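Visitor: Before we look, I would like to ask how the labels attached to a structure are justified, one after another. Could you show me the structure and take me through the reasoning?

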Amino acid sequence: MNKLSTCCLLMLIVVNSMAQRRKTVFVEVLGNGLIASGNFDMRLKPDQNDGLGLRAGVGGGSFSGYDDQGNSASIGVVTFPLAVNYLVGKRRSSFESGVGVTPMYLTASGTINDDIFSGSGLSVTGFLNAGYRYQPINNGLMFHVKWTPAFNSSGFSPRWFGLGIGYSFK
C-alpha cells in the first residue's frame, strides 16, 4: 500500500506542475514530421508564453506510383518528431527557434523491370527551426510558420518549411 500511495502522490505532483504550464496541441504539415504530424508542445516555465519548451509528436504518410515502363513503387514512413525550442516574445507573437531529431521507420516495395523489391529500416534526421509563432495569452488558436532545414548522413537540406495550426491552453 505504501508504494501505491507514493505512486499516486508523484502522479498528483506531475499533473499539478503540468497544469501551470502553457501547452499546445497542433497539426503540422511538412516541418519536423516530414509529411504531416500531430504534436504536443509545452513551455517549461510556469505561467509563461515564452522561454524554453519541449515538443513531441507522431506523423507519417505514404506514396505510390508507376512510371512509363510499368515499374511501380510504394513508400511508407512513420515519424516521431522530438525537439527543444525557445520562444522570444512575451505577448501573443513570438520568434521560435529550436533543434530536434526525427526518428523514422521507412518501408518500400515495388517492381523494376519485373524484379520485385521490398525493404524497411530505421533512420534519423536532424532539424533546426526558426520562425514565427502566434500563441494567445489565454486559451485559443495557435499557428506557426517555420523554416526547418534538415541534416543527416546524406548532407544538409535548407529547402524545408513547416506550417502548423492547433490549440494552446494552460
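The conversation below sets values against definitions, and the model under discussion is a predicted one.

Visitor: Let us begin with charges; why is the contact of Glu28 with Arg55 called a salt bridge?

Guide: A salt bridge requires a side-chain nitrogen of Lys or Arg within 4 Å of a carboxyl oxygen of Asp or Glu. The closest N and O atoms of Glu28 and Arg55 are 2.6 Å apart, so the pair meets that definition. Because Glu28 belongs to strand β1 and Arg55 to strand β3, the bridge ties together parts that are 27 residues apart in sequence.

Visitor: How do you know whether Glu28 and Arg55 are buried or exposed?

Guide: Buried means under 20% relative accessible area. Glu28 has a relative accessible area of 0%, so it counts as buried, and Arg55, with 5%, is therefore buried as well.

Visitor: Which partners does Arg133 have, and what makes these contacts salt bridges?

Guide: With Asp41, the closest N and O atoms of Arg133 are 3.4 Å apart, and with Glu96 the N to O distance is 3.2 Å; both values are within 4 Å, so both contacts qualify. Arg133 lies in strand β7 (residues 115-134) and Asp41 in strand β2, so that pair joins parts 92 residues apart in sequence, whereas Glu96 lies in strand β6, so its pairing with Arg133 joins parts 37 residues apart. As for accessibility, Arg133 is at 0% and therefore buried, Glu96 is at 2% and therefore buried too, and Asp41 is likewise buried.

Visitor: How many salt bridges does the structure hold, and which residues are linked in a network?

Guide: There are 8 salt bridges in the structure, and a network of them links Glu28, Asp41, Arg43, Arg55, Glu96, Arg133 and Lys146.

Visitor: Turning to the rings, why is the pair of Tyr132 and Phe143 called tilted?

Guide: By the rule for rings, the count comes to 3 aromatic pairs. For Tyr132 and Phe143 the distance is 6.1 Å centre to centre, with 55° between the planes; centres within 6.5 Å make a pair, and because the angle is neither under 30 degrees nor over 60, the pair is tilted. Tyr132 lies in strand β7 and Phe143 in strand β8 (residues 140-147), so the pair ties together parts 11 residues apart in sequence.

Visitor: What makes the pair of Tyr134 and Phe143 stacked, then?

Guide: Their ring centres are 5.5 Å apart and their planes stand at 20°, so the pair is stacked, since planes under 30 degrees apart count as such. Ring pairs thus join Tyr132, Tyr134 and Phe143 into a cluster.

Visitor: How do you know that these three residues are partly exposed?

Guide: The term covers values between the limits of 20% and 50%. Tyr132 is at 34%, Phe143 at 32% and Tyr134 at 23%, so each of them counts as partly exposed.

Visitor: And in the loop between β1 and β2, why is Leu34 counted as buried?

Guide: Leu34 has 17% relative accessibility and therefore counts as buried, the limit being under 20%. Its phi is near 70°, a positive value in a residue other than glycine. Asp47, in the loop between β2 and β3, also has a positive phi, of about 55°, although it is not a glycine.

Technical notes
Residues are numbered from 1 along each chain as its sequence is written. This is a predicted model: local features need pLDDT of at least 70, side-chain atom pairs count only at pLDDT 80 or more; totals for chains, interfaces and linings use all residues. Side-chain values use heavy atoms; hydrogens and water are left out. Buried means under 20% relative accessible area, exposed over 50%, partly exposed in between (1.4 Å probe, protein chains only). Helices (H or I, at least four residues) and strands (E, at least two) are DSSP runs, numbered from the N terminus. Rings of Phe, Tyr and Trp (its six-membered ring) pair if their centres lie within 6.5 Å; planes under 30 degrees apart count as stacked, over 60 as edge-to-face and the rest as tilted.
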